[in-house]
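Biologist: I am new to this structure. Could we go through some of its side chains one at a time?

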Amino acid sequence: MKTKFTFCILCLILISQISKAQENTPNSINHLFEFEQPVNRWSTGLTFQALTGFREIKSGGRNYDSFNEGWIGLGVGFYADYKINKVWKLRAEAGINAYLGFDPYLNIQSEFQFTNRWSFYTGAGTYFNTGADHLVQRDENGTAILNPYVQLGLRYKMSKNWTVDLRYQQDLYARKRATNFNNFNKDGPLATFSLGFNYRF
């Protein structure tokens with residue numbers, strides 16, 4: 001798929017840039033378990049994302065069919081960072097993504113800075129399906145309010161206030177399961193790639 005090929009090219013470019021950035025850079029592992037008081041523990045800002053991805057659609061009824069659906073969209077959010085030490089911090093992020101619909105989201109991330117400019121993070125969160133009837137249990141349409149996901153990504157610090165953010169995100173469950181009421185139609189988990197910017201206040 002074109003989306004996967006483009007993502008692989010971006011990853012190769014990032015890896016080459018990371019290798020250059022690591023030259024003459026102190027080893028961040030030395031600071032991982034140092035818990036001295038940072039000057040400023042808290043920081044906040046905004047995040048802007050361009051989104052693309054795909055999911056599998058299965059339609060029931062007499063003529064069973066299955067195909068992959070691609071999509072593009074935009075996202076905006078607010079974040080709060082808590083700095084544990086020189087290289088390790090936690091982030092809480094909340095916002096809304098607009099692609100297949102308008103999906104509010106909330107996630108928690110753990111970020112490790114391995115060079116002066118590059119950092120790696122992992123996280124978990126959930127989308128909120130405001131059209132569903134139950135929080136976790138699937139309703140008659142096969143949907144639920146909470147739709148959990150996991151994510152991982154890279155960030156590159158361009159300046160004191162601006163950061164580039166490359167992210168991959170994977171839903172843990174199908175967005176819509178097949179039921180009698182929805183004629184056994186199923187919307188599979190979303191796989192999302194995003195490239196965006198973070199602005200620190």
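Biologist: Is F201 buried or exposed in this predicted model?
Modeller: The relative accessible area of F201 is 52%. Exposed means over 50%, so F201 falls in that class. The answer is exposed.

Biologist: How many aromatic pairs are there in the whole structure?
Modeller: The whole structure was searched for such pairs. The number of aromatic pairs found is 8.

Biologist: Are the planes of F78 and F201 stacked, edge-to-face or tilted?
Modeller: The ring centres of F78 and F201 are 6.5 Å apart, and the planes meet at 35 degrees. Stacked needs under 30 degrees and edge-to-face over 60. An angle of 35 degrees fits neither, so the pair is tilted.

Biologist: How many residues apart are F78 and F201 along the chain?
Modeller: F78 belongs to strand β2, which covers residues 65–83. F201 is in the segment after β9 (191–200), and the pair links distant parts of the chain. The separation is 123 residues.

Biologist: Which residues make up the cluster that includes F78 and F201?
Modeller: The cluster is held together by ring pairs. Its members are F78, W162, Y199 and F201.

Biologist: W118 and Y156 also form an aromatic pair. Which strands does this pair link?
Modeller: The rings of W118 and Y156 are tilted, 4.9 Å centre to centre with 55 degrees between the planes. W118 lies in residues 118–128 and Y156 in residues 146–157, with the two positions 38 residues apart. The strands are β5 for W118 and β6 for Y156.

Biologist: Is W118 buried or exposed?
Modeller: W118 has a relative accessibility of 4%. Buried means under 20%, so W118 meets that limit. Its partner Y156, at 29%, is partly exposed, whereas W118 is buried.

Biologist: Which residue has its charged end over the ring of Y79?
Modeller: The charged end in question is 3.7 Å from the centre of the Y79 ring. R155 has a comparable place over the face of Y121, at 3.8 Å from the ring centre. Over Y79, the residue is R91.

Biologist: N198 is in strand β9. Which side chain makes a polar contact with the side chain of N198?
Modeller: N198 is at 1% relative accessibility and counts as buried. Residues that N198 touches include Y79, R91, R155, W162 and D165. The polar contact, at 3.3 Å, is with the side chain of D165.

Definitions and conventions
Residues are numbered from 1 along each chain as its sequence is written. This is a predicted model: local features need pLDDT of at least 70, side-chain atom pairs count only at pLDDT 80 or more; totals for chains, interfaces and linings use all residues. Side-chain values use heavy atoms; hydrogens and water are left out. Rings of Phe, Tyr and Trp (its six-membered ring) pair if their centres lie within 6.5 Å; planes under 30 degrees apart count as stacked, over 60 as edge-to-face and the rest as tilted. Helices (H or I, at least four residues) and strands (E, at least two) are DSSP runs, numbered from the N terminus. Buried means under 20% relative accessible area, exposed over 50%, partly exposed in between (1.4 Å probe, protein chains only). A charge sits over a ring if NZ of Lys or CZ of Arg is within 6 Å of the ring centre and within 35 degrees of the ring normal. A polar contact is a pair of N or O atoms within 3.5 Å; within protein, one must be able to donate a hydrogen and the other to accept it, and residues adjacent in sequence count only if both atoms are side-chain atoms. Contact means heavy atoms within 4.5 Å. Lists of a residue's contacts leave out its neighbours within four places in sequence.
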